[in-house]
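Colleague: Hi! Could you walk me through this chain? I'm new to reading structures, so plain words please.

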Amino acid sequence: GYEWRDVSKILGGYAMGTNLEANLLERIDLLYQTNQINDYVYEKLPSLLKRVEVYLQITLSEENAGSFVSHLAIALQRIMQNAPVQEVSDEVKALTDKHPEFYQFAGEILALPGTESVNCHAEASFVTLYLCLLSGKE
């Protein structure tokens, strides 16, 4: 069940300012309520997703971006805990080489304050894969 403070936080806070699709906001809430992401990631995620929408000039929806939203949320949480994924497949690596602009943008999104020393190369590579798919470039 939702508590009133959760509802008011959603209505009065980040969600309304970002105009993200309701289903995506529910997905983010579920990740938060099941303790898969902390307060900081929960509060930061909508504005990061908005940056992705502006960058790719698309609207993120549950249909086209549900798995991306979950992946990004968990990736940010791993980075905050200094436990990022380290390994990527050759296919994913090839995509980062093919789309360096997406890889750079992915790195910017994942660069949370205080995590500068964390090696985010593999995490950024996976986000690059999603950006390619969302943009229709792959």
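**A chat about the chain**

Modeller: Happy to! Let's start with one residue: Gln 57 is exposed, because its relative accessible area is 74%, and exposed means over 50%. Keep in mind that this is a predicted model.

Colleague: Where does Gln 57 lie?

Modeller: Gln 57 sits in the loop that runs between α4 and α5.

Colleague: And how far apart are Gln 57 and Ser 135 in space?

Modeller: From C-alpha to C-alpha they are 8.4 Å apart, although 78 residues separate them in sequence.

Colleague: Let's zoom out. How many helices and strands are there in the chain?

Modeller: The chain has eight helices and zero strands. Read from the N terminus, the order of elements is α-α-α-α-α-α-α-α.

Colleague: What share of the residues count as buried?

Modeller: The chain has 138 residues, and 43% of them count as buried.

Colleague: What about contacts in the chain with a separation of 6 or more: what percentage comes from residues 24 or more positions apart?

Modeller: Residues that are 24 or more positions apart account for 77% of those contacts.

Colleague: New topic, helix packing. What do people use to describe two packed helices?

Modeller: Two things: the angle between the axes and the distance between the axes.

Colleague: OK, so what are those values for α3 and α4?

Modeller: Helix α3 covers residues 22–33 and helix α4 covers residues 39–56; they pack at about 165°, and their axes are 10 Å apart. The two helices are therefore roughly antiparallel to each other, since angles over 145 degrees count that way.

Colleague: Is the crossing of α3 and α4 right-handed or left-handed?

Modeller: The α3 and α4 crossing is right-handed. From α3, the residues making the contact are Ile 28, Asp 29 and Tyr 32, while α4 brings Asp 39, Tyr 42, Leu 45 and Leu 49.

Colleague: How do the residues of that contact divide into nonpolar, polar and charged?

Modeller: Five are nonpolar, none are polar and two are charged.

Colleague: Which residues have the most contacts inside the largest nonpolar core?

Modeller: Those are Ile 28, Leu 49, Phe 68 and Leu 72, in a core of 38 residues. Two or more core residues come from each of α3, α4, α5 (62–80), α7 (100–110) and α8 (121–135). The largest share, eight residues, is given by α5.

Colleague: Back to Leu 49, then. Which residues does Leu 49 touch?

Modeller: Leaving out residues up to four places away in sequence, Leu 49 touches Leu 20, Ile 28, Leu 60, Phe 68, Val 69 and Leu 72.

Note on methods
Residues numbered from 1 in each chain as written. Predicted model: local features only at pLDDT ≥ 70, side-chain atom pairs only at ≥ 80, totals over all residues. Heavy atoms only, no water. Axes fitted to C-alpha atoms, helices over the stretch in contact; angles between N-to-C directions. Helix = DSSP H or I, 4+ residues; strand = E, 2+ residues; numbered from the N terminus. Parallel < 35°, antiparallel > 145°, perpendicular 65-115°, else oblique. Left-handed = near helix turned anticlockwise from the far one by under 90°. Contact = heavy atoms within 4.5 Å. Nonpolar A, V, L, I, M, F, W, Y, C, P; charged D, E, K, R; others polar. Core = buried A, V, L, I, M, F, W, Y, C linked by side-chain atoms within 4.5 Å. Buried < 20%, exposed > 50% of the residue type's maximum accessible area, 1.4 Å probe, protein only.
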